Structures are given as structure tokens and as C-alpha cells.
There are 2 protein chains.
Amino acid sequence: MQTVLAEVITIGDELLIGQVVDTNSAWIGEQLSGAGIRVKQITSVSDDKAHILAALAEAKNRVDIILITGGLGPTKDDITKHTLCEYFNTTLIPHPEIEEHIRHLFVSRFKREPSEVNLRQADLPANCTPLKNNVGTAAGMWFEQDGKIFISMPGVPYEMKDIVENEALPRLKQRFELPVIIHKTFLTQGYGESMIAEIIEAWEDALPKHMKLAYLPSPGAVRLRISAIGDNADVLQQEVEAQGVQLEALLGTKIYGYGKETLESVIGNMLRKRKATLSIAESCTGGNISHHITLVPGSSDYFIGSVVSYDNAVKINQLGVNAADLAYGGAGAVSETVAIQMAEGVKKLLGTDYAISVTGIAGPTSDNTSKPVGLVWIAVAGPEGTKAKEFMLKDIRERFVSRATLTALNMLRYYLLADN
Amino acid sequence: MQTVLAEVITIGDELLIGQVVDTNSAWIGEQLSGAGIRVKQITSVSDDKAHILAALAEAKNRVDIILITGGLGPTKDDITKHTLCEYFNTTLIPHPEIEEHIRHLFVSRFKREPSEVNLRQADLPANCTPLKNNVGTAAGMWFEQDGKIFISMPGVPYEMKDIVENEALPRLKQRFELPVIIHKTFLTQGYGESMIAEIIEAWEDALPKHMKLAYLPSPGAVRLRISAIGDNADVLQQEVEAQGVQLEALLGTKIYGYGKETLESVIGNMLRKRKATLSIAESCTGGNISHHITLVPGSSDYFIGSVVSYDNAVKINQLGVNAADLAYGGAGAVSETVAIQMAEGVKKLLGTDYAISVTGIAGPTSDNTSKPVGLVWIAVAGPEGTKAKEFMLKDIRERFVSRATLTALNMLRYYLLADN
């Protein structure tokens, strides 16, 4: 068994000047490492022939497989194809089957004839094997030289993904004998990286050498990934599971899920299991909790709807919040009493079993009270009564909303855990 | 004037196996190119000493400034500091002023004493100048060797940003005499890259050599960026503006804004100017339009609230949609008549001047009608009556929601443009 190394080269000035975030290489990295191919490096270079040629030469010295994305669009900054011709000392030749595919895509999907610019995308380097792009007009290309594989793909994410899944990965699996890497990821919310590190320190230090733990923090959440590398998938899987049991014993309900799960999918499963329904009253989160809940396919099984009560009048007229509590001298919009009334109000209005409410001060400026930016009150109403809790999540506006959303979802999870 | 080149090296296995998307290097790229420093390459490498050392040596041959992020956390996979010691042939020494800062941060912000692990973050390579991190415990580090600058920063985005803005960039501007790069970005929604390319082809071909156009597509939108490089900011600014006037003449109202604007901020300004209010009825977008509207600071000036009517009962009871239209044999939830009733219903319910409604089939499966996944009806209600339009936005669920959101916001923009 060989260790097969790959490098991802992403091409585009827009990546270097920061107008576009490169999400392609992370996705490719995930696919390759899941298949036992180790991504050694990701390199982003400009739309510049000399620079691309240098990056290709360097990557060829480092790795076995080079995946290239970008620079295959129909617009003026297209460059990759011409550079690959120079690298492999060849020329572009028309590929009639690709031209046919482009015509077909245009007529069936875009309901018009392709332009000359579009049709020229069927011209590919003479030494490549075209890789079919089912969802776009820029074909992928597979090259071999001195035992190394070069795969060039468009930069549009869903086109690149189509080619990796249906063409590139199946061919790579045939071509190389790959080692086995098993991952398991544990998801936590509401605890910082160093707090978790202290809890699990002794366990982590005792991990065997072929196993590794990684901390993957994001706003409001930390993911913990155990990996094991070897050659026997069953043995590795058992080792990962056994270590996972120990990790879970240390972290308990701090772990809300695994792998690709999300708080909203975990909650969705809990609600579906008890055939219960959910509604939401959102103020400072402005609809983001509902947005997350409804990103889960099938969420219509339990999610009924929401009221985004940004203006106090909506809190009073739709949710039945007491006007005196909102008025000058009252508890104010960001308070325990208003959070409770919002949750109970939307639960009653939309007739659901459970309800969440969130009211807080997103910033950058406070409301006309003395309350600080970042203050949030969250309430959960359900069969066991209404629970409310205060949080301080001071952050930039977008992160504040995202952290308040996760915090509210996790509070509903704890309510559902307690309420069996 | 010299052309100053930089490379960003991001460190972390989590980037290579795709568990985390590298957003840091795009942000750094934007800051540097705004300051006239050209980012030549972005390189992501593993948490591996030999690999980091190789990347540093290669980058030193390519560029003048090397910015490193990642590998400075308090957890076990910390590695950058030790590698930098080896690279510069030095050792870690305690920095009492950094230790003091860590203690202060813990006591004032986290309300507890730092652990020994936290305090060890004050040990830094002997040859570095510490760069203060105002918002976290991992200090930045500035090194000089053979006329090249090395800047190491933590990977946590807001900590890295604090160090770049307050420490790294001001020092780089002092250290180098930088060229001038002027950018202007034009924002469009609803037209594909190749369609726009055809409209502006002749203009683009005629651009002078020191100016460049880049297409920056994202789901549902294409940004067009004109750049000019030279040494006189006023002259370049005038040239960019003059070319921009020509571009606008070609694209007209297809352009909704500039630079950092968003559809929601543009609409917000239009509504604020006419002292008008907005409400939203969302079905398939599940709260995402409201979320976007409320990401704009000050949106409470015009945004009153929303009803997320995921379940048909909410459409009937809260929005006043006719039950017969939703029932079997009626027009169905995804129809012109229901979209119109939803927009008019929420406008009346929340007493606003304008309202948007969206109803569609997000997929992956259709509702129990014969309507296709991706079908969306959007309506805008306002003083000039209600306008409804049908769209086909078939895509993966998340992108469908995002495209439907942009499409609805843009439809409101066109309504507001017509209704002067």
C-alpha cells in the first residue's frame, strides 16, 4: 500500500485579491481524504501563465495527483487550457462529442442556441481525456505524465463537484491502491476550545500514535475530529468508535451530534420522533433560526412557521406581548418577561407543541436603554412550561446573529432532552 | 516605486481535509491589494514542521512579505511557534507584557484566571517583535531576515483581523513604498456570466493595458470589478470612474450597486429615503429574506416584521390566503394567486407600505402536485398595486433558497425603481 499524495491548485486573481473565498479546495480535500488520498498542499495562484507553469512544476515534485480548478470559463480571463497546452507541449483540438454536449445543454436547459464563445469550450488539449461535465459547458480534463495525474476542472463549484464525483474520483480509485483513513467528528456548542481541551487533556494525551484529534472551531461551536490511519477499515473503525465512547463519557450532552449533522437536523429528528411541532418568534435573529430549521429537507414535518417581530408593534399585536412591559419604565424588549411572552405568544398563535423566542441587542448600537450590545434573552416554551435564559454574545453583527441562533437551537435541544 | 509581493501561508490539517474553509487568506488578500501589495500566492500546508519549513523557504524566494496564519492555538495541534524557532534558529522566551495581557483578558472578559496552558502563549521566539492581539491570547509575531518580512498570526479570523488592521498593515505601509491600485466593483443580479460578457464584449476589448475587468460570479449574482494600476491615485480613480460610466451605460439597471453594497442595503436605502416600511411573507425561503434584510444595521428604520408561513394553516389563518386556493383542485400553494394573497395579507397584517412574498418548491422532492422542484412565485405589493412573477431556480436546497432570496429582493428593487 502506497501513501498517495495530492495537491489542489486553484487559479484566479479573484482568489488572491480576496473577492472570492476558495471553497472548492476544502470540498476537494474532504472528498480525497475520505478516499484515502492525503492532500499535502493547496496552492492558489494568479491568472498568469508563468505562475501557473511554475506551480504545476513544483506540485509535480511534491505529489502524485494534481487537481486544478478555475480558469475555464467562457469569459476573457480564461487561461488554464492554453497554459496546459504549453505545459504538455500540445495544441487545442476540437472535440465533437463535447460540442454536441454544449449544444444539448443550451437547447434543453437555457432554451437558446449556444454562442460561438460557448462552442469554443469544446476545444481541448490534444493529449487529454475529456471528463464529462453533466451540469455545465466546461469539460474536465485528465492528463498523465511520468506516472503523475493532472486533473483540470472549471471553478464553478457545482460543475467541479459533478466532475469529481462522477469522473475523477472513480478513475483515481481504479488507478491507485489507497490506504484507509477513518474519521469521526463530534459536534459541541457553547464551549470554547481551551475549555474543552482541559476537560479531555488526559484522554487526548493517551491516544495511540496512528490516531489523532483535531479541534475545528467556528463561531459558537467546536467540532472534534478523531482520525485513524492504517490498512484495515474494520479495525480502524472499531478503534475510532472505542475512543469515541471515552470522549463522550467526558463530554456528555455537550456533544449534540456527529459528522454532517447540524443542531437543526438533530432537533428535527427529536421533534419528528415525538410527532411534535415547532414555531419561532424572532427579534434580533431576524428570521435566521427559521432559515436554519427550514434548510433541513422534510422540516415541514414539524416546523409550522414563525413571526419575525422586529418592530415592537408586532410583538404586541401578533404575539400578545404586554405593551406596558415594552414601554419606557417597563422591563424593555430585551428582558426575561418579554422573551417568555414571545415564546408563549407564538406557541399559542400558531398552535404548536414547542416554541422558541429570541430577543436581544445585535449592535453595533444599543437600543435606547442602558442594556449592553450582545445581551440576549432566549425562551423555550413547551409541555413542561417555559424556560428563559440570559446570554452575553457580544460580537460583530453577523456573528452575533449566528451565535444567538445556535444558542437558541441548543437551548431547545436541552429542553427536549430533559422533557422525555 | 517597487512592486511589493506577498504570500499568505495558512497552516492546518483541517484546511487540507476540508473540515474548515480558509476564509482568512481571502480577507488578507483584500486588505493587502487595497494597500497596493500584490498577493502572488496563497499556500495551505499541514501541521507538519518539515512541510511548513519547506513552504517558508519557497515563499521567501517568491515574495517580499510572508503572512502566516494558524497553528497558534492553546490546544495540542499548536506547532507554528516551534517551527519558526527552528527556521530562525532561536528559542522561545517568556514575554512578561504578553503574559500580563493574557491575564487581563481572562479576568476582564472571561471572568476567570488563565490556566497554565493559556499563560504559555506568552512564550515567543526570541528574535520576534510581538504584535498585540487586542481580542485574544495568541500574540502576532513580526520577523525580519535578509530584507524579507515574516508575520505570524493566529488562525481565529477576528483575532487575525485585529492584528492585520492595527499592527501588521500600518508597519508594512511604513516599511515599503507601495504602488497604487484602484478597484471599482459593479454588482448585478439575475444574469449569467456569459450573457453579461456578450453585452460588454466590445467595451472590455477596448480597455487600456493597465486596466482589467474580472467577473466574480456567485449563486444568482455576478460582480464585475474594474482595476487600474499605476502611481497616481487621482488619475487612476478618474480612469476607473470614466470606464465605469461606459459600463453602466451598457448594463443600466442590471447594476444594482457597488463595492460592498448588498441588495438588502440598497433596498434599505431606497425605503429609508421614502420613509416607507416593509414586511415579508416567506414560505420556501423560510426566513432567509428577513435574515438578510436584518443583517443591515439600522434596518429597524424600515423593516417591521415577517410571517414565515411554512404550513398552509399559517397562510390561511395569519395571512388570509383563501383555503380553497390551497386545497386539492385549487391553484396550489405555489401559484400566482397564493403569492399575491400572501404579499397583500402580510402588508395588511403588519400595516406596511410594501411587502414581499415568496412561495416555491425547494426540493429535493416536490409537493404532492405535478409542479417541478425549483418553481417559485414571488409577489411585491405596494402603493402601485401587486406584481407577481414566476421563476425557475432549480438547484441544491441551500442555493435555491439563496437564489430565491436574491431574486425576491431584486424584484422589490425594480418595483421601487418604477414607483418613483
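Helix axes here are lines fitted to C-alpha atoms over the stretch in contact, and the angles between them run from 0 to 180 degrees between N-to-C directions. Keep in mind that this is a predicted model.

**Exercise 1. Two helices in chain B**

Task: Find how helix 11 and helix 15 of chain B cross, and which residues meet there.

Solution:
- Start with the axes. Helix 11 covers residues 288-295 of chain B and helix 15 covers residues 397-418; their axes come within 9 Å and cross at roughly 65 degrees.
- Next, take the hand: the crossing of these two helices is right-handed.
- Now list the residues, counting a contact when C-beta atoms placed from the backbone lie within 7 Å. Helix 11 of chain B brings B:Asn288, B:Ile289 and B:His292. Facing them in helix 15 are B:Val401, B:Thr405, B:Ala408 and B:Leu409.
- Finally, sort the residues of this contact by character: four are nonpolar, three are polar and none is charged.

**Exercise 2. Where chain A meets chain B**

Task: Describe the contact between the chains, and say which element of chain B gives the most to it.

Solution:
- Begin with the two sides. Chain B supplies 65 residues and chain A supplies 67.
- On the chain B side, strand 2 (residues 38-45) gives the most, with seven residues.
- By character, the chain B side holds 27 nonpolar, 24 polar and 14 charged residues.
- Then look at how the strands pair. Strand 2 of chain A (residues 38-45) joins strand 2 of chain B in the antiparallel sense, over five bridges. One pair to look for is A:Gln41 with its bridge partner B:Val45.

**Exercise 3. A sheet in chain B**

Task: Trace the open sheet of four strands in chain B and name its edge strands.

Solution:
- Recall that strands of a sheet pair through backbone hydrogen bonds, either parallel or antiparallel.
- Write down the order, which is 10-11-9-12, with antiparallel pairing.
- Pick out the edges: strand 10 (211-218) and strand 12 (255-258) of chain B each pair on one side only.
- Add the twist, which averages 25 degrees from one strand to the next.
- Zoom in on one pairing. Strand 10 of chain B and strand 11 (residues 221-230) are linked by eight bridges in the antiparallel sense. There, B:Ser218 has B:Ala221 of strand 11 as its bridge partner.

**Exercise 4. The domains of chain A**

Task: Give the domain bounds of chain A and the separation of domain 1 and domain 3.

Solution:
- Read off the assignment: domain 1 spans 5-175, domain 2 spans 180-258 and domain 3 spans 263-418.
- Taken over C-alpha atoms, the centres of domain 1 and domain 3 of chain A are 45 Å apart.

Definitions and conventions. Residues are numbered from 1 along each chain as its sequence is written. Chains are lettered from A and ligands numbered from 1 in the order in which they are written. This is a predicted model: local features need pLDDT of at least 70, side-chain atom pairs count only at pLDDT 80 or more; totals for chains, interfaces and linings use all residues. A crossing is left-handed if the near helix is turned anticlockwise from the far one by less than a right angle, and right-handed if clockwise. Ala, Val, Leu, Ile, Met, Phe, Trp, Tyr, Cys and Pro count as nonpolar, Asp, Glu, Lys and Arg as charged, and the others, Gly among them, as polar. Domain bounds come from an automatic or database domain assignment. Two strands pair if DSSP finds at least two bridges between them.
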